[in-house]
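Here is a short set of exercises to work through with the model open beside you. Try each task before reading its solution.

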Amino acid sequence: MRGASSKVYFLNKLKKKNLISEPYSHLNSLLDFDATLEPSAIFSPSKCVDEDIIFGVKSRPGSRSTRNAIRESWLERDLWKSLNYEIKVVFIIAKENVESHKLEEEKKEHGDILFLDFSESFHHLVYKDIGYLHFIKEKCPQARLVFKGDDDILLVPQNRHILTEKRLQ
């Protein structure tokens with residue numbers, strides 16, 4: 001076996017073994033990374049219209065209260081309007097063992113969920129980034145500024161405003 005098929009065989013064989021022993025055995029889970037995964041959206045926010053900044057925030061399906069807190073604080077649209085910016089908020093979420101109908105309800109209420117068709121995992125975070133970039137390319141190609149962060153950060157809009165003004169001049 002040579003070429004690609006031998007590599008697949010080798011990787012499958014590695015996945016069946018725990019090659020790394022304590023205290024570093026947690027690194028064995030890195031063998032579960034699927035480099036062939038192509039993220040697709042189950043559902044996504046609407047196309048951009050005239051937004052100045054697109055905010056992508058990685059989140060988990062069960063973190064609705066965190067998303068609501070973000071919507072009511074640093075990503076509150078009127079706050080950004082007071083700084084002369086139109087914004088679009090996109091919460092980037094992958095599948096997990098929770099009812100997807102709850103996310104569909106949240107999508108109907110807020111219209112800001114990008115729900116991706118792969119399992120939620122630390123090793124799949126890069127696919128959330130890729131899914132978000134696909135969203136930007138397909139639905140917001142005219143975006144002037146794009147932000148990506150996690151739902152455990154706090155962005156101060158006034159500080160972002162100062163940095164943005166410097167960059168756009």
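**Exercise 1. Place Ser 59 and find what surrounds this residue.**

Step 1: Ser 59 sits in the loop that runs from strand 2 to helix 2 (64-72). Helices (H or I, at least four residues) and strands (E, at least two) are DSSP runs, numbered from the N terminus. This is a predicted model, in which local features need pLDDT of at least 70 and side-chain atom pairs count only at pLDDT 80 or more, while totals for chains, interfaces and linings use all residues. Residues are numbered from 1 along each chain as its sequence is written, and side-chain values use heavy atoms, with hydrogens and water left out.

Step 2: With a relative accessible area of 2%, Ser 59 is buried. Here buried means under 20% relative accessible area, exposed over 50%, and partly exposed in between (1.4 Å probe, protein chains only).

Step 3: Leaving out residues up to four places away in sequence, Ser 59 touches Arg 67, Phe 91, Ile 92, Ile 93, Glu 120, Lys 128 and Asp 151. A contact means heavy atoms within 4.5 Å.

Step 4: One of these partners is also a polar one: the side chains of Ser 59 and Asp 151 make a polar contact at 2.9 Å. The term stands for a pair of N or O atoms within 3.5 Å; within protein, one must be able to donate a hydrogen and the other to accept it, and residues adjacent in sequence count only if both atoms are side-chain atoms.

**Exercise 2. Follow the contacts on to Glu 120.**

Step 1: Glu 120 belongs to the loop between strand 4 and helix 5, and at 13% relative accessibility Glu 120 counts as buried.

Step 2: Apart from neighbours within four places in sequence, the contacts of Glu 120 include Ser 59, Arg 60, Pro 61 and Lys 128.

Step 3: With Lys 128 there is a polar contact, side chain to side chain, at 2.6 Å.

**Exercise 3. Check the length of helix 5 and see what covers this helix.**

Step 1: Helix 5 covers residues 125-139, which makes 15 residues. The expected span is 1.5 Å times one less than the number of residues.

Step 2: That rule gives 21 Å, and the end C-alpha atoms are 21 Å apart, so the two agree.

Step 3: The buried residues of helix 5 are Tyr 127, Lys 128, Asp 129, Gly 131, Tyr 132, Phe 135 and Ile 136.

Step 4: Their cover includes strand 2 (53-58), strand 3 (87-95), strand 4 (113-119) and strand 5 (145-150).

**Exercise 4. How many disulfides are there, and which parts are tied together?**

Step 1: Taking a disulfide as a pair of cysteine sulfur atoms within 2.5 Å, the count is one.

Step 2: The bond joins Cys 48 to Cys 140, with the sulfurs 1.8 Å apart. The link is right-handed, with 70° about the S-S bond.

Step 3: Cys 48 lies in the loop between strand 1 (41-43) and strand 2, and Cys 140 in the loop between helix 5 and strand 5, so the pair ties together parts that are 92 residues apart in sequence.

Step 4: Both ends turn out to be buried, Cys 48 at 11% and Cys 140 at 1%.

Step 5: Now look at Arg 144, also found in the loop between helix 5 and strand 5. Arg 144 counts as exposed, at 52% relative accessibility, and its C-alpha atom is 5.9 Å from that of Asp 52, although the two residues are 92 apart in sequence.

**Exercise 5. Describe the largest nonpolar core.**

Step 1: A nonpolar core is a set of buried Ala, Val, Leu, Ile, Met, Phe, Trp, Tyr and Cys residues joined through side-chain atoms within 4.5 Å. The largest has 20 residues, and those with the most contacts inside it are Ile 53, Phe 55, Trp 74, Leu 75, Trp 80, Ile 87 and Phe 91.

Step 2: Strands 2, 3, 4 and 5 each give two or more residues to this core, and strand 3 has the largest share, with four.

Step 3: A second, separate core has 13 residues, including Ala 94, Leu 114, Tyr 127 and Cys 140.

**Exercise 6. Summarise the whole chain.**

Step 1: The chain has six helices and five strands, in the order α-β-β-α-α-β-α-β-α-β-α from the N terminus.

Step 2: Of its 169 residues, 36% count as buried.
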